[in-house]
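Student: Please take a close look at one part of this structure, namely its salt bridges. I would like a connected account of where the partners sit and how exposed they are.

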Amino acid sequence: MRMSQYFLPTLKEDPADAEVISHKLMIRAGMIRKLASGIYTYLPYGLKAIQRVEKIIREEMEKAGAIEVLMPSVQPKELWEESGRWNYYGKELLRFVDRAGRDFCYGPTHEEVITDLVRNNIRSYRDLPKNLFQIQTKFRDEIRPRFGVMRAREFIMKDGYSFDVDEESAERTYMKMFNAYCNIFKRCDLDFRAVEADTGNIGGSFSHEFMVIADSGEDTIFLCNHCNYAANREKTEVGEKIWHINKDEELQDIEKVYTPNKKTIEEVSNFLNVPTNKLVKTVIYLVDSVLHMVLVRGDREANEIKVKNYLKANEIRLATNDEIEKILGIPVGFMGPYKTSGIRIIADISLKGLKNFVTGANEVDYHLINANFNRDILVNEFADISEARDGDPCPRCENGKLYSKKGIEVGHIFKLGTKYSLSMRAFFLDEKGKEKPMIMGCYGIGVGRTIAAAIEQNHDRDGIIFPAPLAPYPIIIVPLDIKNQEIIDISNKLYNKFLDMGIDTLIDDRDERPGVKFKDADLIGIPYRINIGNSYKKDKKIEIIVRRTKEKIYLEYEEVINFIKNTF
(Lines give C-alpha, C1' and ligand atoms only; values in the text may rest on other atoms or scores of the structure.)
Protein backbone atom coordinates (compact mmCIF):
# COMPACT_ATOMS: atom_id res chain seq x y z
CA MET A 1 0.00 0.00 0.00
CA ARG A 2 1.26 3.46 -0.93
CA MET A 3 0.95 5.96 1.89
CA SER A 4 0.17 8.74 -0.56
CA GLN A 5 -3.07 6.86 -1.33
CA TYR A 6 -3.72 5.40 2.13
CA PHE A 7 -6.10 6.69 4.81
CA LEU A 8 -3.84 6.95 7.86
CA PRO A 9 -4.56 10.16 9.82
CA THR A 10 -1.83 10.22 12.50
CA LEU A 11 -1.69 12.75 15.35
CA LYS A 12 1.31 14.34 17.06
CA GLU A 13 -0.36 14.89 20.44
CA ASP A 14 -2.23 12.58 22.82
CA PRO A 15 -6.04 12.98 22.74
CA ALA A 16 -7.35 14.73 25.84
CA ASP A 17 -9.91 12.04 26.78
CA ALA A 18 -7.56 9.03 26.48
CA GLU A 19 -6.40 7.49 29.78
CA VAL A 20 -4.29 4.43 28.93
CA ILE A 21 -1.44 4.12 26.48
CA SER A 22 -3.27 1.81 24.05
CA HIS A 23 -6.15 4.28 23.74
CA LYS A 24 -3.75 7.17 23.14
CA LEU A 25 -1.64 5.31 20.61
CA MET A 26 -4.51 3.72 18.70
CA ILE A 27 -5.96 7.18 18.09
CA ARG A 28 -2.60 8.82 17.35
CA ALA A 29 -1.62 5.97 15.01
CA GLY A 30 -4.83 6.40 13.00
CA MET A 31 -6.28 3.03 14.04
CA ILE A 32 -9.58 4.15 15.59
CA ARG A 33 -11.83 7.18 15.89
CA LYS A 34 -14.57 7.73 18.46
CA LEU A 35 -18.17 7.99 17.22
CA ALA A 36 -19.97 8.01 20.58
CA SER A 37 -19.22 6.96 24.16
CA GLY A 38 -17.68 3.48 23.97
CA ILE A 39 -18.30 3.20 20.21
CA TYR A 40 -15.42 3.39 17.73
CA THR A 41 -14.79 3.25 14.00
CA TYR A 42 -11.87 1.06 12.96
CA LEU A 43 -9.85 2.87 10.31
CA PRO A 44 -7.96 0.85 7.66
CA TYR A 45 -4.79 0.44 9.75
CA GLY A 46 -6.76 -0.63 12.84
CA LEU A 47 -8.97 -2.96 10.82
CA LYS A 48 -5.90 -4.62 9.33
CA ALA A 49 -4.62 -5.35 12.86
CA ILE A 50 -8.02 -6.81 13.76
CA GLN A 51 -7.88 -9.03 10.69
CA ARG A 52 -4.45 -10.33 11.77
CA VAL A 53 -5.91 -11.55 15.06
CA GLU A 54 -8.98 -12.99 13.34
CA LYS A 55 -6.80 -14.98 10.94
CA ILE A 56 -4.87 -16.56 13.80
CA ILE A 57 -8.11 -17.33 15.65
CA ARG A 58 -9.72 -18.97 12.62
CA GLU A 59 -6.66 -21.11 11.90
CA GLU A 60 -6.38 -22.38 15.48
CA MET A 61 -10.12 -22.95 15.85
CA GLU A 62 -10.24 -25.01 12.69
CA LYS A 63 -7.19 -27.01 13.82
CA ALA A 64 -9.09 -27.81 17.03
CA GLY A 65 -12.16 -28.97 15.10
CA ALA A 66 -14.38 -25.91 15.59
CA ILE A 67 -16.66 -24.79 12.74
CA GLU A 68 -17.43 -21.16 11.94
CA VAL A 69 -20.97 -19.79 11.79
CA LEU A 70 -22.40 -16.26 11.86
CA MET A 71 -25.40 -15.56 14.08
CA PRO A 72 -27.65 -12.47 14.17
CA SER A 73 -26.67 -9.70 16.55
CA VAL A 74 -30.36 -8.84 17.13
CA GLN A 75 -32.04 -11.41 19.38
CA PRO A 76 -35.70 -11.93 20.41
CA LYS A 77 -36.82 -11.51 24.01
CA GLU A 78 -38.44 -14.97 24.05
CA LEU A 79 -35.09 -16.79 23.92
CA TRP A 80 -33.75 -14.76 26.83
CA GLU A 81 -36.90 -15.48 28.83
CA GLU A 82 -36.36 -19.19 28.26
CA SER A 83 -32.85 -19.01 29.71
CA GLY A 84 -34.06 -16.79 32.56
CA ARG A 85 -31.68 -13.95 31.69
CA TRP A 86 -34.06 -11.32 30.27
CA ASN A 87 -34.62 -9.68 33.66
CA TYR A 88 -31.48 -10.96 35.39
CA TYR A 89 -28.87 -9.61 32.94
CA GLY A 90 -29.45 -6.00 33.97
CA LYS A 91 -29.02 -2.65 32.27
CA GLU A 92 -26.01 -3.75 30.20
CA LEU A 93 -28.53 -5.51 27.93
CA LEU A 94 -29.65 -3.07 25.23
CA ARG A 95 -33.38 -3.71 24.80
CA PHE A 96 -35.62 -2.26 22.11
CA VAL A 97 -39.02 -2.79 20.45
CA ASP A 98 -39.54 -3.24 16.69
CA ARG A 99 -42.36 -1.64 14.69
CA ALA A 100 -44.62 -4.62 15.40
CA GLY A 101 -44.24 -4.12 19.16
CA ARG A 102 -41.99 -7.16 19.67
CA ASP A 103 -39.16 -7.02 22.22
CA PHE A 104 -35.57 -7.60 21.12
CA CYS A 105 -32.07 -7.04 22.41
CA TYR A 106 -28.73 -6.37 20.78
CA GLY A 107 -26.66 -9.40 21.69
CA PRO A 108 -23.98 -9.00 24.35
CA THR A 109 -23.36 -12.72 23.99
CA HIS A 110 -24.94 -15.62 22.05
CA GLU A 111 -25.67 -18.54 24.41
CA GLU A 112 -29.41 -18.35 23.77
CA VAL A 113 -29.10 -18.10 19.98
CA ILE A 114 -26.62 -20.96 19.61
CA THR A 115 -28.63 -23.20 21.96
CA ASP A 116 -31.76 -22.54 19.92
CA LEU A 117 -29.88 -23.30 16.70
CA VAL A 118 -28.51 -26.60 17.95
CA ARG A 119 -31.67 -27.85 19.70
CA ASN A 120 -33.62 -27.40 16.45
CA ASN A 121 -31.08 -29.20 14.28
CA ILE A 122 -29.38 -31.89 16.39
CA ARG A 123 -31.35 -34.72 18.00
CA SER A 124 -29.06 -37.76 18.07
CA TYR A 125 -25.88 -38.64 19.94
CA ARG A 126 -24.47 -39.55 16.50
CA ASP A 127 -24.37 -35.84 15.63
CA LEU A 128 -22.34 -34.93 18.71
CA PRO A 129 -19.93 -33.48 19.70
CA LYS A 130 -20.24 -30.17 17.88
CA ASN A 131 -18.11 -27.07 18.38
CA LEU A 132 -19.29 -23.88 16.65
CA PHE A 133 -17.76 -20.40 16.72
CA GLN A 134 -18.24 -16.98 15.21
CA ILE A 135 -16.53 -13.58 15.07
CA GLN A 136 -19.28 -11.03 15.57
CA THR A 137 -20.03 -7.53 16.86
CA LYS A 138 -21.47 -7.37 20.39
CA PHE A 139 -22.98 -4.58 22.46
CA ARG A 140 -22.95 -4.20 26.24
CA ASP A 141 -24.25 -0.92 27.62
CA GLU A 142 -21.38 -0.34 30.04
CA ILE A 143 -22.17 2.21 32.74
CA ARG A 144 -18.72 3.78 32.31
CA PRO A 145 -16.99 2.83 29.07
CA ARG A 146 -13.32 3.76 29.15
CA PHE A 147 -9.83 2.93 27.91
CA GLY A 148 -10.82 3.02 24.24
CA VAL A 149 -11.57 -0.41 22.79
CA MET A 150 -10.41 -2.02 26.04
CA ARG A 151 -13.80 -1.41 27.67
CA ALA A 152 -16.08 -0.30 24.86
CA ARG A 153 -19.83 -0.71 24.56
CA GLU A 154 -19.65 -2.06 21.02
CA PHE A 155 -16.84 -4.54 20.37
CA ILE A 156 -15.71 -7.41 18.17
CA MET A 157 -15.67 -10.79 19.86
CA LYS A 158 -14.91 -14.34 18.92
CA ASP A 159 -17.35 -16.57 20.79
CA GLY A 160 -17.61 -20.32 20.50
CA TYR A 161 -19.92 -22.96 21.96
CA SER A 162 -19.49 -26.70 22.30
CA PHE A 163 -22.10 -29.45 22.74
CA ASP A 164 -21.18 -32.89 24.10
CA VAL A 165 -22.98 -36.03 25.20
CA ASP A 166 -21.39 -36.33 28.66
CA GLU A 167 -18.93 -34.76 31.09
CA GLU A 168 -15.99 -36.83 29.88
CA SER A 169 -16.48 -35.70 26.30
CA ALA A 170 -17.06 -32.09 27.44
CA GLU A 171 -13.79 -32.19 29.39
CA ARG A 172 -11.91 -33.27 26.26
CA THR A 173 -13.47 -30.43 24.27
CA TYR A 174 -12.66 -27.93 27.02
CA MET A 175 -8.99 -28.96 27.00
CA LYS A 176 -8.87 -28.72 23.21
CA MET A 177 -10.10 -25.15 23.50
CA PHE A 178 -7.70 -24.43 26.38
CA ASN A 179 -4.77 -25.58 24.24
CA ALA A 180 -6.08 -23.74 21.17
CA TYR A 181 -6.31 -20.50 23.17
CA CYS A 182 -2.76 -20.97 24.43
CA ASN A 183 -1.66 -21.41 20.81
CA ILE A 184 -3.55 -18.29 19.71
CA PHE A 185 -1.94 -16.00 22.25
CA LYS A 186 1.49 -17.58 21.73
CA ARG A 187 1.15 -16.91 18.00
CA CYS A 188 0.18 -13.32 18.84
CA ASP A 189 3.54 -13.14 20.64
CA LEU A 190 1.98 -11.99 23.92
CA ASP A 191 3.16 -12.52 27.49
CA PHE A 192 0.04 -14.12 28.97
CA ARG A 193 -1.17 -16.47 31.70
CA ALA A 194 -4.16 -18.80 31.81
CA VAL A 195 -5.72 -18.35 35.25
CA GLU A 196 -8.60 -19.96 37.12
CA ALA A 197 -11.54 -17.58 37.08
CA ASP A 198 -15.09 -16.85 38.21
CA THR A 199 -17.82 -17.64 35.68
CA GLY A 200 -19.72 -14.36 36.15
CA ASN A 201 -23.01 -13.67 34.34
CA ILE A 202 -22.42 -16.46 31.82
CA GLY A 203 -22.77 -19.12 34.51
CA GLY A 204 -21.32 -22.60 34.57
CA SER A 205 -19.12 -24.63 36.86
CA PHE A 206 -15.52 -23.78 35.94
CA SER A 207 -13.57 -21.35 33.80
CA HIS A 208 -10.17 -19.97 32.83
CA GLU A 209 -9.27 -16.41 31.88
CA PHE A 210 -6.40 -15.66 29.55
CA MET A 211 -4.65 -12.60 30.90
CA VAL A 212 -2.05 -10.47 29.13
CA ILE A 213 0.44 -9.25 31.74
CA ALA A 214 0.51 -5.43 31.80
CA ASP A 215 0.98 -2.83 34.53
CA SER A 216 -2.03 -0.95 33.18
CA GLY A 217 -4.34 -3.96 33.55
CA GLU A 218 -7.57 -3.57 35.51
CA ASP A 219 -7.50 -7.11 36.86
CA THR A 220 -5.29 -8.56 39.59
CA ILE A 221 -4.06 -12.11 39.23
CA PHE A 222 -2.12 -14.23 41.70
CA LEU A 223 0.63 -16.62 40.65
CA CYS A 224 2.78 -19.10 42.54
CA ASN A 225 6.54 -18.63 42.52
CA HIS A 226 7.06 -22.40 42.71
CA CYS A 227 4.34 -24.16 40.66
CA ASN A 228 1.94 -23.37 37.80
CA TYR A 229 -0.95 -22.21 39.98
CA ALA A 230 -2.55 -18.98 38.73
CA ALA A 231 -5.97 -17.47 39.43
CA ASN A 232 -7.68 -14.12 39.24
CA ARG A 233 -8.41 -12.12 42.39
CA GLU A 234 -11.99 -13.40 42.67
CA LYS A 235 -10.92 -17.03 42.43
CA THR A 236 -7.59 -17.19 44.28
CA GLU A 237 -7.93 -19.65 47.13
CA VAL A 238 -7.02 -18.71 50.69
CA GLY A 239 -6.69 -22.08 52.34
CA GLU A 240 -6.00 -23.72 55.68
CA LYS A 241 -2.32 -22.73 55.66
CA ILE A 242 -3.09 -19.29 57.11
CA TRP A 243 -5.12 -20.67 60.05
CA HIS A 244 -4.17 -20.85 63.69
CA ILE A 245 -1.98 -17.77 64.07
CA ASN A 246 -2.25 -18.16 67.87
CA LYS A 247 -3.31 -21.79 68.24
CA ASP A 248 -1.16 -22.39 71.36
CA GLU A 249 -2.71 -19.61 73.45
CA GLU A 250 -4.76 -20.47 76.51
CA LEU A 251 -8.36 -19.31 76.37
CA GLN A 252 -8.92 -16.05 78.26
CA ASP A 253 -12.12 -14.74 79.80
CA ILE A 254 -14.22 -12.63 77.48
CA GLU A 255 -14.43 -8.99 78.50
CA LYS A 256 -16.29 -5.91 77.27
CA VAL A 257 -14.01 -2.88 77.02
CA TYR A 258 -14.64 0.81 76.44
CA THR A 259 -13.45 1.99 73.01
CA PRO A 260 -14.73 5.56 72.69
CA ASN A 261 -15.43 6.50 69.05
CA LYS A 262 -13.01 3.81 67.82
CA LYS A 263 -14.76 2.32 64.79
CA THR A 264 -12.17 1.28 62.22
CA ILE A 265 -9.88 -1.74 62.44
CA GLU A 266 -6.83 0.52 62.67
CA GLU A 267 -8.35 2.68 65.40
CA VAL A 268 -9.35 -0.30 67.53
CA SER A 269 -6.02 -2.06 66.94
CA ASN A 270 -4.02 0.98 68.03
CA PHE A 271 -6.28 1.78 70.98
CA LEU A 272 -6.18 -1.77 72.39
CA ASN A 273 -2.60 -2.47 71.26
CA VAL A 274 -3.76 -5.64 69.53
CA PRO A 275 -2.49 -6.70 66.07
CA THR A 276 -5.08 -6.41 63.29
CA ASN A 277 -4.92 -10.16 62.61
CA LYS A 278 -6.47 -10.75 66.04
CA LEU A 279 -9.48 -8.57 65.25
CA VAL A 280 -12.61 -9.94 63.59
CA LYS A 281 -14.14 -7.57 61.05
CA THR A 282 -17.91 -7.69 60.50
CA VAL A 283 -19.35 -6.89 57.07
CA ILE A 284 -23.08 -6.86 56.30
CA TYR A 285 -24.23 -7.71 52.77
CA LEU A 286 -27.67 -7.57 51.23
CA VAL A 287 -27.84 -10.87 49.36
CA ASP A 288 -30.91 -11.34 47.16
CA SER A 289 -32.67 -8.80 49.42
CA VAL A 290 -31.73 -10.64 52.65
CA LEU A 291 -29.11 -9.38 55.12
CA HIS A 292 -26.10 -11.65 55.78
CA MET A 293 -23.22 -11.19 58.21
CA VAL A 294 -19.71 -11.93 56.92
CA LEU A 295 -16.72 -12.23 59.25
CA VAL A 296 -13.12 -11.82 58.15
CA ARG A 297 -9.84 -11.32 59.95
CA GLY A 298 -8.93 -7.70 60.62
CA ASP A 299 -5.95 -7.83 58.29
CA ARG A 300 -8.04 -9.28 55.44
CA GLU A 301 -10.76 -7.99 53.11
CA ALA A 302 -13.96 -9.80 52.21
CA ASN A 303 -14.14 -10.90 48.57
CA GLU A 304 -17.65 -10.07 47.37
CA ILE A 305 -17.54 -12.47 44.42
CA LYS A 306 -16.50 -15.35 46.68
CA VAL A 307 -19.36 -14.52 49.05
CA LYS A 308 -21.80 -14.38 46.15
CA ASN A 309 -20.64 -17.71 44.77
CA TYR A 310 -20.66 -19.42 48.17
CA LEU A 311 -24.25 -18.29 48.74
CA LYS A 312 -25.23 -19.11 45.11
CA ALA A 313 -26.73 -15.62 44.94
CA ASN A 314 -28.00 -13.63 41.98
CA GLU A 315 -27.37 -10.18 43.46
CA ILE A 316 -25.17 -8.91 46.25
CA ARG A 317 -24.17 -5.50 47.60
CA LEU A 318 -22.97 -3.94 50.83
CA ALA A 319 -25.82 -2.99 53.13
CA THR A 320 -26.13 0.71 53.91
CA ASN A 321 -25.66 2.06 57.42
CA ASP A 322 -29.36 2.90 57.58
CA GLU A 323 -30.33 -0.65 56.59
CA ILE A 324 -28.04 -2.17 59.21
CA GLU A 325 -29.22 0.04 62.05
CA LYS A 326 -32.89 -0.07 61.05
CA ILE A 327 -33.19 -3.83 60.43
CA LEU A 328 -30.62 -5.25 62.86
CA GLY A 329 -30.52 -2.47 65.42
CA ILE A 330 -26.72 -2.72 65.50
CA PRO A 331 -24.56 0.43 65.58
CA VAL A 332 -22.19 0.62 62.62
CA GLY A 333 -18.54 0.53 63.71
CA PHE A 334 -19.27 -1.64 66.73
CA MET A 335 -20.92 -4.61 65.03
CA GLY A 336 -20.02 -8.17 65.87
CA PRO A 337 -21.37 -11.73 65.91
CA TYR A 338 -21.75 -11.86 69.71
CA LYS A 339 -25.35 -12.69 70.70
CA THR A 340 -26.56 -11.83 67.19
CA SER A 341 -29.71 -13.63 66.09
CA GLY A 342 -31.96 -13.66 63.06
CA ILE A 343 -29.14 -13.34 60.52
CA ARG A 344 -27.04 -15.91 58.69
CA ILE A 345 -23.35 -15.65 59.63
CA ILE A 346 -20.51 -16.82 57.35
CA ALA A 347 -16.95 -16.68 58.70
CA ASP A 348 -13.81 -16.73 56.61
CA ILE A 349 -11.75 -19.88 56.79
CA SER A 350 -8.80 -17.88 58.17
CA LEU A 351 -10.79 -17.40 61.41
CA LYS A 352 -11.12 -21.10 62.07
CA GLY A 353 -9.13 -21.84 65.21
CA LEU A 354 -8.40 -18.18 66.00
CA LYS A 355 -8.32 -17.62 69.77
CA ASN A 356 -8.88 -14.65 72.07
CA PHE A 357 -9.85 -12.22 69.33
CA VAL A 358 -11.42 -8.76 69.41
CA THR A 359 -14.84 -8.07 67.89
CA GLY A 360 -17.62 -5.52 68.14
CA ALA A 361 -19.90 -5.69 71.19
CA ASN A 362 -22.99 -4.45 69.29
CA GLU A 363 -23.01 -1.47 71.62
CA VAL A 364 -21.82 2.04 70.88
CA ASP A 365 -18.23 2.67 72.05
CA TYR A 366 -17.62 -0.94 73.19
CA HIS A 367 -15.74 -3.95 71.87
CA LEU A 368 -15.16 -7.46 73.21
CA ILE A 369 -11.69 -8.82 73.89
CA ASN A 370 -10.76 -12.50 74.32
CA ALA A 371 -13.80 -13.68 72.35
CA ASN A 372 -13.71 -17.27 71.11
CA PHE A 373 -15.78 -19.34 68.73
CA ASN A 374 -17.89 -22.19 70.13
CA ARG A 375 -17.60 -20.82 73.67
CA ASP A 376 -18.82 -17.23 73.09
CA ILE A 377 -19.85 -17.11 69.45
CA LEU A 378 -21.57 -19.86 67.49
CA VAL A 379 -20.66 -19.93 63.79
CA ASN A 380 -21.38 -23.07 61.82
CA GLU A 381 -20.26 -21.85 58.40
CA PHE A 382 -16.60 -21.32 57.57
CA ALA A 383 -15.74 -20.67 53.93
CA ASP A 384 -13.01 -19.21 51.74
CA ILE A 385 -14.45 -15.69 51.35
CA SER A 386 -11.46 -13.35 51.79
CA GLU A 387 -9.00 -11.71 49.43
CA ALA A 388 -5.62 -13.31 48.83
CA ARG A 389 -2.49 -11.26 49.47
CA ASP A 390 1.10 -11.25 48.25
CA GLY A 391 3.11 -13.75 50.27
CA ASP A 392 0.20 -16.08 51.05
CA PRO A 393 1.04 -19.79 50.85
CA CYS A 394 0.19 -21.39 47.52
CA PRO A 395 -2.99 -23.48 47.85
CA ARG A 396 -1.62 -26.10 45.45
CA CYS A 397 1.99 -26.81 46.42
CA GLU A 398 3.96 -27.06 49.64
CA ASN A 399 6.72 -24.51 49.13
CA GLY A 400 5.23 -21.82 46.93
CA LYS A 401 4.25 -18.25 47.80
CA LEU A 402 1.71 -16.15 45.92
CA TYR A 403 2.59 -12.91 44.18
CA SER A 404 0.30 -10.59 42.25
CA LYS A 405 0.44 -9.11 38.78
CA LYS A 406 -1.84 -6.81 36.82
CA GLY A 407 -3.44 -8.28 33.75
CA ILE A 408 -5.79 -7.56 30.87
CA GLU A 409 -8.38 -10.23 30.13
CA VAL A 410 -8.32 -11.13 26.44
CA GLY A 411 -10.00 -14.54 26.53
CA HIS A 412 -12.31 -16.58 28.76
CA ILE A 413 -13.45 -20.19 28.51
CA PHE A 414 -16.27 -21.77 30.54
CA LYS A 415 -17.65 -25.14 31.43
CA LEU A 416 -21.34 -24.31 31.13
CA GLY A 417 -22.66 -27.79 31.86
CA THR A 418 -26.44 -27.96 31.41
CA LYS A 419 -27.30 -24.39 32.48
CA TYR A 420 -28.73 -23.50 29.07
CA SER A 421 -29.52 -26.93 27.65
CA LEU A 422 -31.89 -27.70 30.54
CA SER A 423 -33.67 -24.35 30.62
CA MET A 424 -33.98 -24.26 26.81
CA ARG A 425 -34.47 -28.02 26.33
CA ALA A 426 -31.47 -28.68 24.10
CA PHE A 427 -31.80 -32.46 24.39
CA PHE A 428 -30.51 -35.40 22.37
CA LEU A 429 -31.37 -39.08 22.21
CA ASP A 430 -28.66 -41.44 23.48
CA GLU A 431 -27.89 -44.98 22.25
CA LYS A 432 -30.89 -46.33 24.16
CA GLY A 433 -33.25 -43.68 22.83
CA LYS A 434 -33.32 -41.82 26.16
CA GLU A 435 -33.54 -38.04 26.10
CA LYS A 436 -30.61 -36.21 27.78
CA PRO A 437 -29.44 -32.60 27.98
CA MET A 438 -26.35 -31.63 26.01
CA ILE A 439 -23.26 -30.64 28.01
CA MET A 440 -22.13 -27.20 26.89
CA GLY A 441 -18.97 -25.11 26.91
CA CYS A 442 -18.39 -21.46 26.00
CA TYR A 443 -15.21 -19.86 24.65
CA GLY A 444 -14.66 -16.12 24.06
CA ILE A 445 -11.88 -13.82 22.83
CA GLY A 446 -12.02 -10.03 22.72
CA VAL A 447 -10.50 -9.31 19.32
CA GLY A 448 -10.10 -5.56 19.73
CA ARG A 449 -8.99 -6.07 23.33
CA THR A 450 -6.22 -8.36 22.12
CA ILE A 451 -4.84 -5.58 19.92
CA ALA A 452 -5.12 -3.03 22.75
CA ALA A 453 -3.45 -5.44 25.20
CA ALA A 454 -0.63 -6.05 22.73
CA ILE A 455 -0.02 -2.31 22.56
CA GLU A 456 -0.11 -1.97 26.36
CA GLN A 457 2.61 -4.62 26.47
CA ASN A 458 4.59 -3.40 23.45
CA HIS A 459 5.31 0.32 23.20
CA ASP A 460 7.94 2.93 23.94
CA ARG A 461 8.18 6.73 24.01
CA ASP A 462 8.01 6.84 20.19
CA GLY A 463 4.85 4.78 19.79
CA ILE A 464 3.63 1.24 19.19
CA ILE A 465 5.97 -1.73 18.79
CA PHE A 466 3.78 -4.31 17.11
CA PRO A 467 4.69 -7.99 17.51
CA ALA A 468 5.31 -9.12 13.94
CA PRO A 469 2.29 -11.51 13.81
CA LEU A 470 -0.10 -8.65 14.68
CA ALA A 471 1.48 -5.85 12.65
CA PRO A 472 -0.93 -4.54 10.00
CA TYR A 473 2.13 -4.15 7.77
CA PRO A 474 5.33 -5.94 8.85
CA ILE A 475 7.49 -3.76 6.58
CA ILE A 476 7.61 -0.10 5.56
CA ILE A 477 9.87 1.11 2.77
CA VAL A 478 10.97 4.73 3.13
CA PRO A 479 12.53 6.38 0.06
CA LEU A 480 14.36 9.35 1.53
CA ASP A 481 14.66 11.39 -1.67
CA ILE A 482 11.58 11.08 -3.85
CA LYS A 483 13.13 13.40 -6.45
CA ASN A 484 15.96 10.92 -7.09
CA GLN A 485 14.80 8.49 -9.76
CA GLU A 486 17.34 5.82 -8.79
CA ILE A 487 16.00 5.76 -5.22
CA ILE A 488 12.39 5.72 -6.43
CA ASP A 489 13.14 2.84 -8.84
CA ILE A 490 14.86 0.61 -6.26
CA SER A 491 12.16 1.41 -3.67
CA ASN A 492 9.41 0.39 -6.09
CA LYS A 493 11.34 -2.71 -7.14
CA LEU A 494 11.70 -3.81 -3.52
CA TYR A 495 8.06 -2.96 -2.78
CA ASN A 496 6.77 -5.07 -5.67
CA LYS A 497 9.10 -7.93 -4.76
CA PHE A 498 7.71 -8.07 -1.20
CA LEU A 499 4.15 -8.02 -2.53
CA ASP A 500 5.01 -10.91 -4.86
CA MET A 501 6.35 -12.75 -1.79
CA GLY A 502 2.94 -12.31 -0.13
CA ILE A 503 4.17 -9.81 2.49
CA ASP A 504 1.93 -6.82 3.19
CA THR A 505 4.14 -3.78 2.78
CA LEU A 506 3.75 -0.01 3.10
CA ILE A 507 5.81 2.37 1.02
CA ASP A 508 6.01 5.94 2.28
CA ASP A 509 6.00 7.76 -1.07
CA ARG A 510 4.75 11.03 0.44
CA ASP A 511 6.54 14.26 -0.31
CA GLU A 512 7.58 14.71 3.33
CA ARG A 513 10.87 15.25 5.15
CA PRO A 514 12.65 12.04 6.29
CA GLY A 515 12.13 13.00 9.96
CA VAL A 516 8.36 13.11 9.49
CA LYS A 517 8.37 9.71 7.82
CA PHE A 518 10.56 8.20 10.55
CA LYS A 519 8.30 9.52 13.31
CA ASP A 520 5.18 8.13 11.65
CA ALA A 521 6.82 4.74 11.05
CA ASP A 522 7.81 4.52 14.72
CA LEU A 523 4.39 5.73 15.91
CA ILE A 524 2.43 3.10 13.98
CA GLY A 525 4.81 0.39 15.15
CA ILE A 526 5.88 -1.35 11.95
CA PRO A 527 8.49 -4.01 12.89
CA TYR A 528 10.96 -3.35 10.03
CA ARG A 529 11.68 -0.01 8.39
CA ILE A 530 13.72 -0.07 5.21
CA ASN A 531 15.39 3.26 4.46
CA ILE A 532 16.69 3.91 0.97
CA GLY A 533 18.78 7.08 0.71
CA ASN A 534 22.37 8.23 0.93
CA SER A 535 23.78 4.78 1.78
CA TYR A 536 22.27 3.42 -1.41
CA LYS A 537 23.51 6.30 -3.53
CA LYS A 538 26.98 5.94 -2.04
CA ASP A 539 27.61 2.15 -2.01
CA LYS A 540 24.29 0.44 -2.88
CA LYS A 541 23.58 -0.37 0.77
CA ILE A 542 20.02 -0.44 2.04
CA GLU A 543 19.39 0.36 5.72
CA ILE A 544 17.02 -1.84 7.77
CA ILE A 545 15.88 -0.52 11.17
CA VAL A 546 14.45 -3.04 13.65
CA ARG A 547 11.67 -1.18 15.46
CA ARG A 548 11.93 -3.06 18.76
CA THR A 549 15.70 -2.90 19.25
CA LYS A 550 16.61 0.14 17.05
CA GLU A 551 19.26 -2.11 15.48
CA LYS A 552 20.56 -0.92 12.09
CA ILE A 553 21.48 -3.44 9.41
CA TYR A 554 23.08 -2.49 6.07
CA LEU A 555 22.57 -4.92 3.20
CA GLU A 556 22.63 -4.99 -0.58
CA TYR A 557 19.43 -5.55 -2.54
CA GLU A 558 19.60 -9.36 -2.81
CA GLU A 559 20.69 -9.64 0.82
CA VAL A 560 17.63 -7.62 1.85
CA ILE A 561 15.40 -10.05 -0.04
CA ASN A 562 17.00 -13.03 1.73
CA PHE A 563 16.82 -11.30 5.13
CA ILE A 564 13.09 -10.65 4.77
CA LYS A 565 12.47 -14.12 3.35
CA ASN A 566 14.21 -15.72 6.35
CA THR A 567 12.46 -13.40 8.83
CA PHE A 568 8.94 -14.03 7.56
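**Salt bridges and their surroundings**

Tutor: Arg2 counts as partly exposed, at 23% relative accessibility, since that class covers values between the 20% limit for buried and the 50% limit for exposed. This value, like every other one below, is computed from a predicted model. The side chain of Arg2 meets that of Asp509 in a salt bridge, with a distance of 3.9 Å from N to O. Arg2 belongs to the segment before α1 (21-28), whereas Asp509 is in the loop between β28 (505-507) and α12 (514-524), so this pair ties together parts that are 507 residues apart in sequence. Asp509 also counts as partly exposed, at 22% relative accessibility.

A second salt bridge joins Lys48 to Asp504, and here the closest N and O atoms are 3.2 Å apart. Because Lys48 lies in helix α2 (residues 44-63) and Asp504 in the loop between α11 (485-500) and β28, the pair ties together parts that are 456 residues apart in sequence. Asp504 has a relative accessible area of 26% and is therefore partly exposed.

The helix that carries Lys48 merits a short description. α2 has 20 residues, and the distance from its first C-alpha to its last is 29 Å, close to the 28 Å expected at 1.5 Å a residue. An α-helix has 3.6 residues a turn, so residues three or four places apart point the same way. The buried residues of α2 include Tyr45, Ala49, Val53, Ile56, Ile57, Glu60 and Met61. Glu54 is also one of the buried residues of α2, as is Gly46. After α2 comes Gly65, which has a positive phi, near 90°.

A third case is the salt bridge between the side chains of Lys278 and Glu249, at 3.2 Å from N to O. Lys278 is located in the loop between α6 (265-272) and β14 (280-287), and Glu249 in the loop between β12 (230-232) and β13 (255-258), so parts that are 29 residues apart in sequence are tied together by this pair. Lys278 is buried, since its relative accessible area is 15% and the limit for that class is 20%. Glu249, by contrast, is partly exposed, with a relative accessible area of 30%. Beyond such pairs, Asp460, Asp462, Asp522, Arg529, Arg547 and Lys550 form one network, joined by salt bridges that share partners.

The loop that holds Lys278 also contains Asn273, between α6 and β14. Asn273 counts as exposed, at 71% relative accessibility. Its C-alpha atom is separated by 55 Å from that of Ala170, a residue 103 positions away along the chain.

Charged residues without a salt bridge appear as well. Lys12, Arg461, Arg513 and Lys519 gather on the surface in a patch of positive charge; membership of such a patch requires that a residue have no salt bridge. Arg461 lies in the loop between β25 (459-460) and β26 (463-464), and its relative accessible area of 82% makes it exposed.

For the wider setting, a search of the whole structure finds 53 salt bridges. The protein has 14 helices and 31 strands, and 53% of its 568 residues count as buried. Taken along the principal axes, its C-alpha atoms fill a box of roughly 95 × 65 × 50 Å.

Terms used:
Residues numbered from 1 in each chain as written. Predicted model: local features only at pLDDT ≥ 70, side-chain atom pairs only at ≥ 80, totals over all residues. Heavy atoms only, no water. Patch = residues over 30% accessible without salt bridge, like charges linked within 9 Å, V, L, I, M, F, W, Y side chains within 5 Å. Areas by Shrake-Rupley, 256 points an atom, 1.4 Å probe, with all protein chains shown as cover. Salt bridge = Lys/Arg side-chain N within 4 Å of Asp/Glu carboxyl O. Lys, Arg positive; Asp, Glu negative; His and termini not counted. Charge placed at Lys NZ, Arg CZ, Asp CG, Glu CD. Helix = DSSP H or I, 4+ residues; strand = E, 2+ residues; numbered from the N terminus. Buried < 20%, exposed > 50% of the residue type's maximum accessible area, 1.4 Å probe, protein only. Expected span 1.5 Å × (residues − 1).
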